[in-house]
Amino acid sequence: MDCIVTGGAGFIGSNLVDALIARGDQVAVIDNLKTGKAENLAAATAAGAVLHRVDVRDAEALGAVFAQVRPALVFHLAAQIDVRSSVDDPRADADVNVGGTINVLAAALEHGARRVVNTSTGGGLYGDAELLPTPEEHPVRPLAPYGQSKHAAEGYFALYTRLHGLSTVSLRYGNVYGPRQDVHGEAGVVAIFCGCLMDGTTPRIFGDGHQTRDWVEVGDVVTANLLAAQSDITGALNIGWGQETSVLDLVRELGAAGADRGLRLAAPDFLPARAGEVSRSCLDVRRARTELGWTPRTTLRDGLDRILSGLL
Ligand SMILES: NC(=O)c1ccc[n+]([C@@H]2O[C@H](COP(=O)([O-])OP(=O)(O)OC[C@H]3O[C@@H](n4cnc5c(N)ncnc54)[C@H](O)[C@@H]3O)[C@@H](O)[C@H]2O)c1
């Protein structure tokens with residue numbers, strides 16, 4: 001099948017590209033390499049994937065790739081993902097996450113895509129949620145422009161379904177972690193702490209470490225994308241582990257995974273909590289389980305082992 005993956009040179013996108021190539025699809029990647037790296041696609045391009053260095057804000061260049069590929073499936077992962085820079089420059093964030101998304105939808109519609117899978121964020125949308133685990137119908141109250149722009153993008157996906165009959169779905173991820181993650185990502189703390197373990201440096205925890213997140217391994221997220229592409233579900237779906245894990249639990253698990261390999265994780269330093277960060281985050285993933293048949297399978301310990309095996 002012909003596929004386009006926007007943001008395919010990034011952490012999650014490149015893992016998805018590998019899976020598409022492995023099942024025999026033809027894959028074109030659209031990425032401006034802002035945070036993504038061509039080397040993330042080394043194996044995929046050797047196996048036939050094509051990287052187009054195009055910015056999703058450039059409708060003309062984007063349309064030319066779609067005209068050439070005429071993809072059946074589109075996975076939209078390209079985004080401005082830096083929450084703090086979205087606060088500094090909300091307009092620049094929206095240019096990519098809203099304007100770029102509209103360009104992708106317009107090109108997918110014009111060139112006859114059968115299904116378009118969007119990438120959204122659970123953690124960034126629900127803010128300080130009243131209900132944990134948080135279901136999709138919970139009020140959306142972003143704490144940063146990043147969450148607001150992702151919500152607007154979801155709205156355009158739903159609109160293209162209503163207005164034009166384009167088959168779309170939006171996946172709201174928890175905190176994704178795994179191989180190739182950049183320390184600047186939304187869930188960068190796993191990558192940062194793995195770096196501490198490897199370098200012998202001290203992990204820094206902002207707050208008391210009891211804050212929780214919903215860490216979900218990238219392999220499970222890739223599976224969710226493949227299932228979402230096959231289904232005809234519309235609207236938003238949470239994709240997470242479905243249980244809270246505290247930062248202290250993460251440190252404990254990583255310490256144990258390191259100890260098995262003869263590495264010692266230094267005791268963490270505790271710094272003042274950062275303003276604007278939610279204290280608890282966890283997604284209710286029942287809709288993905290029942291309607292998509294998706295179940296996250298990789299425990300945090302197994303996921304950490306997978307990262308460390310790649311680093312050692
Ligand atoms: N990592 C997480 O925990 C997490 C959680 C929720 C949602 N997401 C979403 O998942 C998607 C992928 O994120 P990631 O963690 O792999 O980060 P990433 O930075 O590795 O991937 C984003 C990719 O988009 C590309 N890109 C950025 N601006 C672009 C533009 N204007 N034109 C073309 N390409 C552009 C980057 O070069 C990069 O390859 C994003 O949509 C992000 O919002 C990630």
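**Loops, helix α1 and the ligand site**

In this predicted model, L33 lies in the loop between β2 and α2. The phi angle of L33 is positive, at about 60°, although L33 is not a glycine. With a relative accessibility of 21%, L33 counts as partly exposed, because a residue is called buried under 20%. The loop between β2 (26-30) and α2 (42-46) also holds N40, and N40 is buried, with a relative accessible area of 10%. From this position the side chain of N40 reaches the backbone oxygen of A9 at a distance of 2.8 Å.

Two further loops contain backbone features that can be located in the structure above. R70, which is placed in the loop between α3 (59-69) and β4 (73-76), has a phi near 45°, a positive value in a residue other than glycine. In the loop between α6 (122-126) and α7, where P133 is found, the peptide bond from L132 to P133 is cis, with omega near -10°.

Helix α1 comprises 12 residues, from 11 to 22, and at 1.5 Å a residue these should span 16 Å; the C-alpha atoms at its ends are 17 Å apart, which agrees with that expectation. Of the 12 residues of α1, 10 are buried, so the helix is largely enclosed by the rest of the structure. The buried residues of α1 include F11, I12, G13 and S14, as well as L16, V17 and L20. The helix is followed by G24, whose phi is positive, near 95°.

The ligand is surrounded by 31 residues, of which the closest are F11, D31, T35, Y146 and K150. Several elements take part in this shell, since α1, β5 (115-121), α7 (145-164) and β7 (175-177) each supply at least two residues, and the largest share, 3 residues, comes from β5. Polar atoms of the protein approach the ligand at several points: a polar side-chain atom of K150 lies 2.8 Å from an oxygen atom of the ligand, and a polar side-chain atom of D55 lies 2.9 Å from a nitrogen atom of the ligand. The backbone contributes as well, as a polar backbone atom of G10 is 3.1 Å from an oxygen atom of the ligand. The protein covers 98% of the 820 Å² of accessible area that the ligand has on its own, and the space taken by the ligand is the second largest pocket.

Key:
Residues are numbered from 1 along each chain as its sequence is written. This is a predicted model: local features need pLDDT of at least 70, side-chain atom pairs count only at pLDDT 80 or more; totals for chains, interfaces and linings use all residues. Side-chain values use heavy atoms; hydrogens and water are left out. Helices (H or I, at least four residues) and strands (E, at least two) are DSSP runs, numbered from the N terminus. The expected span of a helix is 1.5 Å times one less than its number of residues. Buried means under 20% relative accessible area, exposed over 50%, partly exposed in between (1.4 Å probe, protein chains only). A residue is near a molecule or strand if one of its heavy atoms lies within 4 Å of it. A polar contact is a pair of N or O atoms within 3.5 Å; within protein, one must be able to donate a hydrogen and the other to accept it, and residues adjacent in sequence count only if both atoms are side-chain atoms. Accessible areas come from the Shrake-Rupley method with a 1.4 Å probe; for residues, only the protein chains shown count as cover. On a 1 Å grid over the protein atoms alone, a cavity is a set of points where a 1.4 Å probe fits but cannot get out, and a pocket is an open set with protein on both sides within 12 Å along at least five of seven lines; lining residues have an atom within 4 Å of a point. A molecule sits in a cavity or pocket if more than half of its atoms lie within 2 Å of its grid points.
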